[in-house]
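Please open the model in your viewer and keep the selection panel at hand. The stops below are meant to be followed in order.

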Amino acid sequence: MDYKHQEIEQKWQAKWREDKTYRVVEDQSKEKFYVLDMFPYPSGAGLHVGHPLGYIASDIYSRFKKLQGFNVLHPMGYDSFGLPAEQYAIQTGQHPAVTTEQNINRYREQLDKIGFAFDWEREIRTSDPKYYKWTQWIFKQLFNSWYDQKANKARPIESLIALFAEKGNTEVTACSCDDTPIITASEWTNFSETERENILSKYRLAYLADSWVNWCPELGTVLANDEVKDGVSERGGFPVEQKLMKQWNLRVTAYADRLLSGLDEIDFSESLKEQQRNWIGKSAGASVTFKVANRDESIEVFTTRPDTIFGVSFMVLAPEHELVDSITTTEFKDQVDEYKKLSANKSERERQANVKSVSGQFTGAYAVHPFTGGNVPIWIGDYVLAGYGTGAVMAVPAGDQRDYNFAKKFDLSIPNIFDGANLEEAANSDNSIPLTQSDFLNDLCGKEAVLKCIEEIEQKGIGRGKVNFRLRDAVFSRQRYWGEPFPIYYENGQPNLVADDKQVMLPKIDTYLPTPDGQPPLARASKQDWNIWEGDSMEFNTMPGWAGSSWYFLRYMDPNNDKQLVDKQIAEYWNQVDLYVGGAEHAVGHLLYSRFWTKFLFDIGQINFQEPFKKLINQGMILGNSAIAKCLGVKVKELTLICGTKISFDRERQVLVTKSMIDQDKLPSEQIDRMVDIRLPIDNLINEFDFDLVSFLKSARGNQFTDSVFLSETGYYLEGKLFDLNGTALNEPGKFQVFREVEKMSKRWFNVQTPDELCEKYGADTLRCYEMFLGPLEQSKPWNTKGINGVNNFLRKFWNLFHSDGQFMVSTKEATPEELKILHTAIKKVQDDLDRMSFNTVVSQLMIAVNELNEINNLSEEVLSKLVVLLSPYAPHLAEELWEALGNESSVTTAEWPKFIAANIEESSFEYPVSFNGKMRFKISLPTNMSKSEIETEVLSHEKSKHYLDGKTPKKVIVVPNRIVNVVA
RNA sequence: GCUCGAGUGGUGGAAUUGGUAGACACGCAAGACUUAAAAUCUUGUGGGCAUUAGCCCGUGCGGGUUCAAGUCCCGCCUCGAGUACCA
């Protein structure tokens, strides 16, 4: 009987569904274990081989834990709100819910084929109204909360209102916006509703504010900082600009310190924690106020080095700083305006690209040094960011390289405040040099100087010690359709929550574009299209993608609860996620926001733990192998079209070399400095000669590339023909050169490999084992199916252990010591390796066991059935089939993990490697219970020892029992 | 630039607390079966010198600690990831 994977896998997948094998219920008698995968966004491309890598690992771990007696929760769902479905909707008019549903069905089909032990009765979808009802609920709680720094937790807004009525806000220690005015109790009492709300919004954890946001015109929405990479949008790579807009914000900054210290309690990789630490960016220093000379204004700066204050020789404000206009003197007004315009026009990307070049402009104004009373010129400059600290710096060119560069460029003075430091080439970076020319700080250095200076600053009333965070409040509005609608309506311009028990549903709209006057798509819905319409208007923004994913792990515990987001007792049972598996790309987005929401839900008493994920492992990416044709390109600032029209660009741009350009001799060859990569579908490239590049380009890229010039091995390739470097047509079959590159799998690069065909050809069990066998889970690796045969062979050999002459055949005899040794070696290794998440070496060990058992005839049933249990997390279908054949009536998932008995692998002798001066020379088999001195005698009297000692007496003999013998001669 | 990883045969990788480097698999080579091929099985496979025992070299490079280093320490090189005018 052959191993027929298709039959077996279909049979068991059906049976599992029928028997609800993977249904999980709360069971207080058992210890729980919660394993979670980052749920996928159901994209149109379906699952590729990279997706299941993490799911397989977590599935194996879940099955392993279950066999060990834990009650394991291992759910799956979909992060189903998001941009691609909406972009598709814009193009086709198809409602995103329809596309999403289709994609989910495809995902489900693919997931089912791999044999995962998910409890599908707990499936959730973030776009399901029954789910986002509770996302909205959490938003309502955030809106109705403020952060009390004294209690160090979120508290109901009513408690703040009571405080205001009693004492105003002067004694309230809360996290609030920087521009919060000071009010007295009587002011508060006499405020109008609108005035009160304006104050409260400075304290609410969800608040509306005009803020500088990353506006992406191409996507028609704002993006959070973590959704912008290198100055372009993470999704799509579109340019991003800064824009001032009224947006919902979440006051994540209130949690900055707890998010930082919480990192010490959780088991995330060091690099991931480091990324979160950097993102939070805590730095301690002082805030100091500088008066503007002869004016009422003053400028507040933040500095981590207040001790260098005597080295201040100028100040720099960000060009966007609010005081720039008022302090600039008439004399410099034009130049300042010019500079402001210049930097405003620079995109985020250009600003980043110009890090090296120093630019700035003097305002004509001076500040007064708070200690010396001296005049300090005030400049504006690009290198000071509006968004960090106060958007202004006190420049200390002697101690800060950027200030130094600025001073050099504009010939500003560089007072040396470091005793004996050399400032010829660069600013001083040695913290052990004592200060000089610094009044009360002279001869101090480092921390001591900083503390002393803060003391003085506070005494003088010109500032205070301050901790600053890089972390900004998170923009929570998106000008999009396919997201959670806000439970908010507006009346007289003020936001109000809809009633507690009401949920705002996503209304129907005719098309998924913004309105002609630039309002978000939801503004298209008429009053009747909304299930709730209150006040003057509803909120037309929707929530960002991370809203639903910030708390989803809680919903799996109690997915159908329509009274609350999760039952408290159930949440207490399942508690934290014990193991979270997913990609590292969510380091500062999802993983930070869900930690934030968890802490908030803890504060308001919904759950009794503060960190969502106890342990996290990042699976590596599986990379695709791309095939690339290189198309010639030039960089030009100007281009003449055939019709004679001249086009000029603002900067050099990439242009493809086309046939007409060559015909017209418009191409100085030295200009051909760039190659444009065109990615080709790898599946069609088995025979490169047969690949029709021209028709491929037509179908995939329109006419854009059809007459472009491609590289061939000896010249160039154009419209299916080959030419040599002189442009002479060659009379041979056309072949452009194909370059290979290993990179991220992506639909648009045609390098995606789906698990489907492998499931069909080799079976899910083989695929599961193979993906694990590829190497350590956390490492990225290129996809390569070369080794899959070996793994498939292993499963066939495993099957064959149970069969002979085409019949199922196992012996009821007692297991021999030899068999037991093989089995228990495997039990120990598999168990230890799974405990440390070394999934690849488990497969190796099982292979070793199978290879060794293969040598033995008439294998005992006792050994084989335990071996089936060992294999079952990796190859559940095969294991079920054999388990059933062994006469078991219940699923192998209900079996017990075999107990390791050390006696079975104990040996009476050990083969000692004997080294001379550290070099292994020969082996000698000795009883394990032999004493050190006996071993030494045995080794030295060995005939080969005489040869290696060469007449010398050994100086020393090291004997490590059951390990090694080393003779030092 | 800074931070964090990683560098081991032709390839993916193993070596868990310093103790036989290269497990397991792929690939390759030879052989068996076959008219032949595929599939399967057997054997070999880090490099070099000898081909029989034996010897030398080998975990990115250069030092060091140790009886013993892929593993620990110091200094470099390369690659990957993240981050970037953060005051």
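Begin by selecting Leu385, where a polar backbone atom lies 2.9 Å from a base nitrogen of RNA strand B; bear in mind throughout that this is a predicted model. Next, select Tyr388, whose side chain places an N or O atom 2.8 Å from a phosphate oxygen of RNA strand B. Then add Ser844, which has a polar side-chain atom 3.5 Å from a base nitrogen of RNA strand B.

Now widen the selection to everything around the RNA: 49 residues surround strand B, and the closest of them are Thr304, Arg402, Leu774, Lys829 and Met847. If you colour this surface by residue class, you will find 18 nonpolar, 15 polar and 16 charged residues. Which helix gives the largest share of the surface near RNA strand B? It is α26, spanning residues 839-854, which contributes six residues. On the RNA side, sugar or phosphate accounts for 60% of the strand B atoms within 4 Å of the protein, while the rest belong to bases.

From there, turn to the protein interior and select Met772, which, together with Phe476, Trp597, Phe798 and Phe839, touches the most other members of the largest nonpolar core, a set of 161 residues. Leaving aside residues up to four places away in sequence, Met772 touches Leu53, Ile56, Ala57, Ile60, Leu777, Phe839, Asn840, Val843 and Tyr874. Apart from this core lies another one, of 51 residues, including Ala286, Phe418, Leu444 and Cys453.

The next stop is helix α5, residues 129-143, whose 15 residues should span 21 Å at 1.5 Å a residue; the end C-alpha atoms are 20 Å apart, which agrees. Because 12 of its 15 residues are buried, α5 is largely enclosed by the rest of the structure. Among these buried residues are Tyr131, Tyr132, Trp134, Trp137, Phe139 and Phe143, and also Lys140. At the N-terminal end of α5, select Asp128, which caps the helix with a side-chain oxygen 2.9 Å from the backbone nitrogen of Lys130.

Finish at Ser549, which is found in helix α16, residues 546-549. Is Ser549 buried or exposed? Its relative accessible area is 6%, and since buried means under 20%, Ser549 is buried. The side chain of Ser549 reaches the backbone oxygen of Trp546 at 3.4 Å. To see what else lies around Ser549, select Phe39, Asp79, Thr126, His590 and Ser594, which it touches when residues up to four places away in sequence are not counted.

Terms used. Residues are numbered from 1 along each chain as its sequence is written. Chains are lettered from A and ligands numbered from 1 in the order in which they are written. This is a predicted model: local features need pLDDT of at least 70, side-chain atom pairs count only at pLDDT 80 or more; totals for chains, interfaces and linings use all residues. Side-chain values use heavy atoms; hydrogens and water are left out. A nonpolar core is a set of buried Ala, Val, Leu, Ile, Met, Phe, Trp, Tyr and Cys residues joined through side-chain atoms within 4.5 Å. Buried means under 20% relative accessible area, exposed over 50%, partly exposed in between (1.4 Å probe, protein chains only). Contact means heavy atoms within 4.5 Å. Helices (H or I, at least four residues) and strands (E, at least two) are DSSP runs, numbered from the N terminus. The expected span of a helix is 1.5 Å times one less than its number of residues. A polar contact is a pair of N or O atoms within 3.5 Å; within protein, one must be able to donate a hydrogen and the other to accept it, and residues adjacent in sequence count only if both atoms are side-chain atoms. A residue is near a molecule or strand if one of its heavy atoms lies within 4 Å of it. Ala, Val, Leu, Ile, Met, Phe, Trp, Tyr, Cys and Pro count as nonpolar, Asp, Glu, Lys and Arg as charged, and the others, Gly among them, as polar.
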